[in-house]
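Reader: I am new to reading structures. Please pick one part and look at it closely. Then take me through the rest of the backbone in the same style.

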Amino acid sequence: MQTATERLAPDAAGIDRAAALLRQGALVAFPTETVYGLGADARQGTAVAEIFAAKGRPQFNPLIVHVADLDAARRLGDFDADALALANAFWPGPLTLVVPMRAGSGLSELVTAGLRTVGIRVPAGTVVEPLLRTFGGPVAAPSANLSGKVSPTTADHVLEGLGGGIAAVLDGGRTEVGVESTIVGCFDHPRLLRPGGLPTESIEAALGRPLAHAPAGKTPNAPGQLASHYAPDAPIRLNVTAPRPGERLLGFGPTVKDADLNLSPSGDLVEAASNLFAYLRRMDGRGPIAVSPIPERGLGRAINDRLARAAAPRP
Ligand code: TXA
Ligand code: MG
């Protein structure tokens with residue numbers, strides 16, 4: 001259903017309203033110093049799934065989690081000495097750190113697209129900083145544009161692409177930096193995963209040594225190709241209406257009988273997306289998995305993309 005998107009002023013009332021909408025599981029776009037983000041409560045799987053639906057993303061890329069400060073970040077991920085040095089030097093600011101996820105982080109598996117690492121940043125800005133403090137939890141947010149379009153740097157850009165499909169946009173005017181954050185992986189030695197708003201020279205100066213670069217052909221824009229990307233150990237067969245003996249069925253929709261787990265008994269693709277990674281994990285290690293057909297529309301395309309990767313031959 002399309003409803004009017006609220007345009008919120010960047011004052012205390014607008015920020016309170018935005019935080020209340022996020023708590024309800026609604027999508028709210030907000031300005032950071034880099035670009036506008038499309039935010040959802042990172043702990044609510046359905047809200048996170050709505051991000052992918054609103055953007056029309058055909059794939060589940062991992063999302064950056066935005067928090068108010070380093071303390072909040074350390075409740076979600078494990079920071080080694082390099083990660084701490086970079087966070088202390090550049091947060092709040094246009095730097096995202098990818099670190100190992102902490103057990104019990106409470107994040108929806110959809111946020112990390114099933115990875116064991118999480119991208120976290122403390123953004124700077126007169127709107128996003130009070131928003132994150134008022135909301136008080138982790139906010140998952142990709143750039144607030146339709147998939148394949150350029151990132152928005154004004155509230156009008158956001159509304160041109162997503163107006164009607166999201167609850168609200170906090171209008172904080174033009175963003176300062178205009179390109180996305182620089183992403184550095186700190187799960188082994190610090191590694192540049194995406195160039196962005198913070199120059200790599202500044203990062204290397206703070207580290208006191210050069211950054212490693214992402215392995216060729218393994219860009220974070222294709223997280224499904226990252227070696228660390230989660231794929232179940234169990235063999236997976238797709239588009240299955242009649243499971244073979246010994247196979248356990250990951251079902252979808254109301255007509256499926258005898259499913260071990262059903263991604264959405266009512267046939268809701270948003271619900272199915274929010275359950276996908278958690279259910280694959282739960283079914284893993286107990287024999288071959290068969291998966292019901294998933295319709296190739298809406299979030300179904302992203303679900304099928306991810307399932308195809310999970311079912312592809314392993315290296
Ligand atoms: O400036 C920005 O970074 C903006 C604002 C809104 O914060 N956000 C942004 O998000 O650019 P997005 O979704 O357009 O880009 C997120 C990218 C993913 O595509 C992926 O490349 C990387 O972040 N990423 C996130 N988590 C990751 C992880 N655990 N491992 C590897 N890459 C990750
Ligand atoms: Mg983007």
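Author: Start with Asp258. This residue sits in the loop between β13 (248-251) and β14 (261-262). (Helices are DSSP runs of H or I with at least four residues, strands are runs of E with at least two, and both are numbered from the N terminus.) The phi of Asp258 is near 60°, so to read it you need some background: most residues other than glycine have a negative phi, and most peptide bonds are trans. Asp258 is not a glycine, yet its phi is positive. Asp258 is also exposed, because 8 C-beta neighbours lie inside 10 Å. (Buried means 20 or more other C-beta atoms within 10 Å of a residue's own, exposed means 12 or fewer, and partly exposed is in between; C-beta atoms are placed from the backbone.)

This is a predicted model: local features need pLDDT of at least 70, side-chain atom pairs count only at pLDDT 80 or more, and totals for chains, interfaces and linings use all residues. Residues are numbered from 1 along each chain as its sequence is written, while chains are lettered from A and ligands numbered from 1 in the order in which they are written.

Now Ala113. Its phi is positive too, at about 50°, and Ala113 is not a glycine. Ala113 belongs to the loop between β5 and β6 (117-121). Ala113 counts as buried, because it has 21 C-beta neighbours inside 10 Å.

Next, a peptide bond. Trp91 and Pro92 are joined in the cis form, with omega about -5°. Look for Pro92 in the loop between α4 (81-90) and β5 (95-100).

Turn to α2. Gly56 follows this helix, and the phi of Gly56 is positive, near 65°. The helix itself is mostly covered, with 9 of its 11 residues buried. Among them are Gly45, Val48, Ile51, Phe52 and Lys55. What do the buried residues of α2 pack against? They meet two strands, β3 (36-41) and β7 (139-140). They also meet three helices: α6 (155-162), α8 (269-283) and α9 (299-311). (Contact means that two C-beta atoms, placed from the backbone, lie within 7 Å.)

Arg57 lies in the loop between α2 (45-55) and β4 (64-66). Arg57 is partly exposed, because it has 18 C-beta neighbours inside 10 Å. Set aside neighbours within four places in sequence. Arg57 then contacts Phe52, Ser147 and Ala302. UniProt, in an unreviewed entry, lists Arg57 under "binding site". The annotation also covers Asn61, Thr117, Ser143, Ser151, Arg194 and Tyr230. (UniProt positions use the numbering here, feature names are shortened, and annotations may be inferred rather than shown by experiment.)

The unreviewed entry also gives "domain: YrdC-like" for residues 12-198. Over residues 12-198 the chain is 29% helix and 20% strand. The C-alpha atoms at the two ends of this stretch are 29 Å apart.

Last stop: Ala9. Ala9 is in the loop between β1 (6-8) and α1. Ala9 is partly exposed, because 13 other C-beta atoms lie within 10 Å. Not counting residues up to four places away in sequence, Ala9 touches Gly14 and Asp171. Compare Pro190. Ala9 and Pro190 are 181 residues apart in sequence, and their C-alpha atoms are 39 Å apart in space. Just after this loop comes α1, where Ile15, Asp16, Ala18, Ala19 and Leu22 meet Pro130, Leu131, Thr134 and Phe135 of α5.
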